[in-house]
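I opened the model and kept short notes as I went. Each entry says what I looked up and what I found.

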Amino acid sequence: MRLSISILPRRLTVVLVLAAALASPGCKRDQKVQVQPTVEEEDVPRLASAVPMNNAKLEPQLVSGFYSIENGSWRWTAKQFSVLLRSPATAAQRGAVLSFEFSVPDPVIRKLHAVTLKASVEGKPLTPETYTKSGPYTFKRDIPASSIAGESVRIDFALDKAMPPAGGDRRELGVVASSVALSPK
Amino acid sequence: MSRPRSPVGAAAYWLSPPLVCLALHWHDFHAWFRADDFAWLGLTNGISSWRALFSALFLPLAEGTIRPWSERAFFMAGYSLFGLDALPYRIVIFATQFASLIPMAWIGRRLTGSAAAGWLATLFWMANSSTSIPLGWASAYNQVQCGLFLLAAFALFLRYLETGRRGYWIAQWVVFVLGFGALELMIVYPAVAAAYALLCAPRYFRRALAMAPVSVAYFLIHRWAAPPIASGDYAMHFSPASLLGTLFQYWTWSVGPVYLRLSYGTPAWLLEALIALVSIALAAFAVNRWRAGHRAAAFCLAWFVLVIAPVLPLRDHVTEYYPYLPVVGLCWLGSWAVVNAWRGKLALKSAGCAAAAAYLFMVAPQMRASSGWNYRLTVRARNLVEGLAGAHQLHPGQQLVLDGVDSDLFWHVIRDHVSYLLGMQHLYITPESAAHIEVHRDIGDVGEFLVSGGVLAENLADGGALVYDVRNPRLRNITMLYASQPHSRDLPLRIDLSDPLIAKLLSPDWYPIEVDHRWMPARASVTMSGPPKSGMALYLNGSVTSQQLAAGPVTLKVAVEGVDLGIVSIGANDFECRFSLPDSLVGKPQVIVDLSVSRIYHPPGDCRELGTSFGLMAIR
């Protein structure tokens with residue numbers, strides 16, 4: 001015999017210890033889970049040309065390969081990482097300048113001896129650079145106007161080596177990023 | 001036998017183990033839900049009759065398990081009363097564990113003749129690294145509940161041996177039989193009782209064995225209801241080498257940390273040395289006790305072997321929490337050894353303390369790390385689920401697509417269809433997310449949740465879908481941002497006909513979605529991606545009505561891009577067919593699949609003409 005959903009909980013409450021087990025068909029779904037507010041798009045700033053790593057609101061522009069903010073200022077990258085930046089107003093005519101500020105930590109150099117950073121803009125490669133000493137660097141490259149077609153530009157970075165996961169840290173670690181930006185020429 | 005003398009001492013004796021348990025497993029007490037929990041919580045949704053209730057409580061599920069008290073009733077009652085508020089579930093789990101600590105200490109006292117050893121055994125148990133998952137993951141509550149049944153039954157058995165009172169014997173039987181509702185592991189109980197009787201109370205051996213037919217009967221019924229799985233992780237391997245290898249592995253995970261992970265960057269050789277030290281100490285003490293005529297030490301080892309025995313054939317499914325109950329025997333033995341050593345000379349005292357310290361040094365940090373890992377994962381699960389609830393509440397008519405999903409979120413939250421608990425039939429992940437998720441074909445298919453770039457772009461353009469970034473605790477709507485980025489426009493190789501997002505890939509002939517399928521009339525077509533390489537085939541899962549088959553088999557004709565792939569004869573309601581795809585289609589960004597069926601059916605009172613219904617179409 002099929003029981004109607006509305007009477008089922010009461011019957012089972014009487015008959016079984018796990019009674020309330022069946023109370024849910026009669027309950028409203030929204031009572032079962034706490035609702036957490038979301039961040040909707042009207043709260044989000046428009047696409048930025050410069051992304052400091054400590055700005056959590058711009059995190060959606062970090063397409064892949066960036067880990068959480070550490071010490072409120074920087075992020076470890078993975079071996080490959082990508083970012084989306086707004087094109088400067090005159091970029092389609094004059095091109096733009098890409099600036100990636102980062103540090104090569106001492107443990108990276110000690111373990112890997114040298115790392116080479118490559119980058120490409122919308123799939124077009126930029127001149128790579130190799131770092132053999134630890135310390136802060138700025139990877140700066142001119143980007144031709146022909147590489148900037150739309151309102152946004154995707155920059156893909158790739159290191160030739162990265163620190164493999166070790167100990168309790170399951171992350172693959174590349175370099176320590178501080179900011180990335182596109183500025184007008 | 002020593003025992004606490006004052007009321008305060010007695011209270012401290014019995015209350016301190018639960019308090020230590022709570023302190024050590026604080027993260028577990030605050031954990032939320034993850035993975036299988038969502039599937040168990042969802043069980044309640046399908047119940048609308050007594051028959052459905054019976055099925056949900058007692059029919060084999062998930063690898064043939066039947067655990068009405070510890071899984072079905074636990075989750076169903078919990079969800080009905082408290083929804084996704086985890087605290088009541090955790091209170092039940094910890095209350096069960098606290099209750100288990102009482103017979104654990106009491107039995108330990110009886111076996112060793114030392115109240116201190118019984119007390120210390122509970123601490124050794126709670127520090128063991130195999131305990132974090134049973135206490136921190138609701139789906140492993142079956143272990144905790146079975147522990148209570150197992151320890152309570154054995155305590156009642158000992159009480160019966162001490163007093164000869166029939167009431168204890170009957171109570172033990174009741175607890176033993178009820179224990180099968182917690183976990184199949186209860187099957188070992190007659191062997192445990194018989195082993196104790198054989199070693200310490202021989203005249204009760206045959207009496208203890210009298211319980212064995214119940215275990216044999218349960219085994220046969222369980223085997224009939226859930227035949228053994230011949231392949232995959234749950235296949236059983238009975239070769240002596242395999243069984244001994246698995247036993248050795250669980251031994252090392254019991255006297256040392258599970259997965260043999262050691263914190264503090266300790267070298268592997270030290271871990272091996274410490275495991276050897278603790279093992280030798282236990283073995284030496286057991287031999288010493290045996291020579292002194294204390295056979296209970298051998299029983300402690302027998303407890304470990306007998307309770308781990310049922311999972312030894314599962315060579316390819318070694319699990320971190322399987323030693324949780326077997327290790328109880330080693331905790332009794334170890335605490336007995338430490339207390340005994342403490343009463344000896346300085347050298348012996350030092351050796352006992354060193355072995356105990358080595359054990360705690362290995363297991364406690366791993367237990368804490370495992371608890372922390374589980375807790376953090378469940379916090380992420382909670383943020384995602386509650387954020388999804390918020391997004392669904394704001395946008396009830398739109399499909400939600402998640403970006404930034406990693407392997408942990410996918411395999412511990414999304415895979416178990418958590419969306420059903422929120423009243424959402426579908427939940428999707430972006431192609432970028434899918435590319436970063438580890439593949440585990442044995443437990444699930446990422447493709448089931450993947451929306452292809454082409455389909456997503458269409459649905460973003462017309463507002464049918466929204467993209468949420470799940471990388472942060474608060475879900476972030478990134479629909480416009482996502483749409484502004486360049487993405488692949490690939491069409492899918494797999495089409496779920498019940499997926500509302502793929503509607504634009506269907507010709508207008510198709511009828512609306514019906515739960516998990518769509519009907520088409522005599523002819524219809526579907527657009528999908530061409531095969532990326534040669535040698536692939538088109539697979540169709542569908543069904544026809546009995547009325548269509550009444551006049552003989554129905555034929556289904558399939559053509560792709562105008563190329564006839566063949567005709568199949570359908571003689572049963574449900575069918576699956578395969579059509580090889582010609583190389584000329586390889587690499588085509590899109591192909592049109594034309595389907596036509598030879599006989600249709602007009603249901604009474606329904607204006608539709610039903611040709612064939614399809615659930616899934618895939619090129620693979």
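First, a term I need for helix α19: I call a residue buried if 20 or more other C-beta atoms lie within 10 Å of its own, and exposed if 12 or fewer. I also note that this is a predicted model.

**Entry: helix α19 of chain B**

I looked up which residues of α19(B) are buried. They are B:Leu409, B:Phe410, B:Trp411, B:His412, B:Val413 and B:Ile414. The helix runs over residues 407-414, and six of its eight residues are buried, so it is largely enclosed by the rest of the structure. I then asked what covers the buried residues of α19(B). The cover includes α18, α20 (418-421) and β2 of chain B.

**Entry: chain B overall**

I took stock of the whole chain next. Chain B has 620 residues, and 46% of them are buried. I find 24 helices and 14 strands in its secondary structure. Its C-alpha trace spans about 90 × 55 × 45 Å along the principal axes. I also checked contacts in chain B between residues at least 6 apart in sequence: 74% of them join residues at least 24 apart.

The domain assignment splits chain B into domain 1 (18-227 + 239-375), domain 2 (395-490) and domain 3 (500-619). How far apart are the C-alpha centres of domain 1 and domain 3 of chain B? I read 52 Å.

**Entry: the nonpolar core**

I looked for the largest nonpolar core and found one of 232 residues. The residues with the most contacts inside this core are B:Ala153, B:Phe154, B:Met186, B:Val192, B:Ala193, B:Leu333 and B:Val401. Helix α9 (residues 141-163) of chain B supplies the largest share, 16 residues. I picked B:Phe154 for a closer look. Leaving out residues up to four places away in sequence, B:Phe154 touches B:Ile107, B:Val192 and B:Ala193. The general rule I keep in mind is that nonpolar side chains tend to be buried together in soluble globular proteins.

**Entry: B:Trp14**

Is B:Trp14 buried or exposed? With 17 other C-beta atoms within 10 Å, B:Trp14 is partly exposed. I place this residue in helix α1 (residues 7-24) of chain B. I also took one distance from B:Trp14. Its C-alpha atom is separated by 37 Å from that of B:Ala217, and the two residues are 203 apart along the chain.

**Entry: two sheets in chain B**

I traced an open sheet of four strands with mixed pairing, in the order β2-β1-β3-β4 (chain B). Its edge strands are β2 (428-429) and β4, and each pairs on one side only. Strand β1 (residues 399-403) runs parallel to β2(B), and two bridges join them. Within this pair, B:Val401 stands opposite B:Tyr428. I had already met B:Val401 among the core residues with the most contacts.

The other open sheet I traced also has four strands, in the order β8-β13-β10-β11 (chain B), with antiparallel pairing. Here β8 (523-528) and β11 (563-570) stand at the edges with a single partner strand each, so one side of each is left without a neighbour in the sheet. I read an average twist of 20° from one strand to the next. Seven bridges join β10 (residues 554-560) of chain B to β11(B), and the two run antiparallel. In that pair, B:Thr555 has B:Ser569 as its bridge partner.

**Entry: strand β9 of chain A**

I moved to chain A and followed β9 (residues 152-159). Which of its side chains point to the buried face? They are A:Val153, A:Ile155, A:Phe157 and A:Leu159. A:Ser152, A:Arg154, A:Asp156 and A:Ala158 point to the other face and are not buried.

I then checked two partner strands. Strand β3 (residues 74-86) of chain A runs antiparallel to β9(A) and is joined to it by seven bridges. There A:Ser82 stands opposite A:Asp156. Strand β5 (residues 115-121) of chain A is also antiparallel to β9(A), with five bridges. There A:Leu117 stands opposite A:Leu159.

**Entry: the contact between the chains**

I counted 44 residues from chain B and 34 residues from chain A in the contact. Elements giving two or more residues on the chain B side include α4 (50-58), α5 (68-82) and α23 (479-484). Helix α18(B) gives the most, with 10 residues. By class, the chain B side has 22 nonpolar, 16 polar and six charged residues.

Notes:
Residues are numbered from 1 along each chain as its sequence is written. Chains are lettered from A and ligands numbered from 1 in the order in which they are written. This is a predicted model: local features need pLDDT of at least 70, side-chain atom pairs count only at pLDDT 80 or more; totals for chains, interfaces and linings use all residues. A nonpolar core is a set of buried Ala, Val, Leu, Ile, Met, Phe, Trp, Tyr and Cys residues joined through C-beta atoms within 7 Å. Two residues are in contact if their C-beta atoms, placed from the backbone, lie within 7 Å. Ala, Val, Leu, Ile, Met, Phe, Trp, Tyr, Cys and Pro count as nonpolar, Asp, Glu, Lys and Arg as charged, and the others, Gly among them, as polar. Domain bounds come from an automatic or database domain assignment. Two strands pair if DSSP finds at least two bridges between them. Axes are lines fitted to C-alpha atoms, for helices over the stretch in contact, and angles run from 0 to 180 degrees between N-to-C directions.
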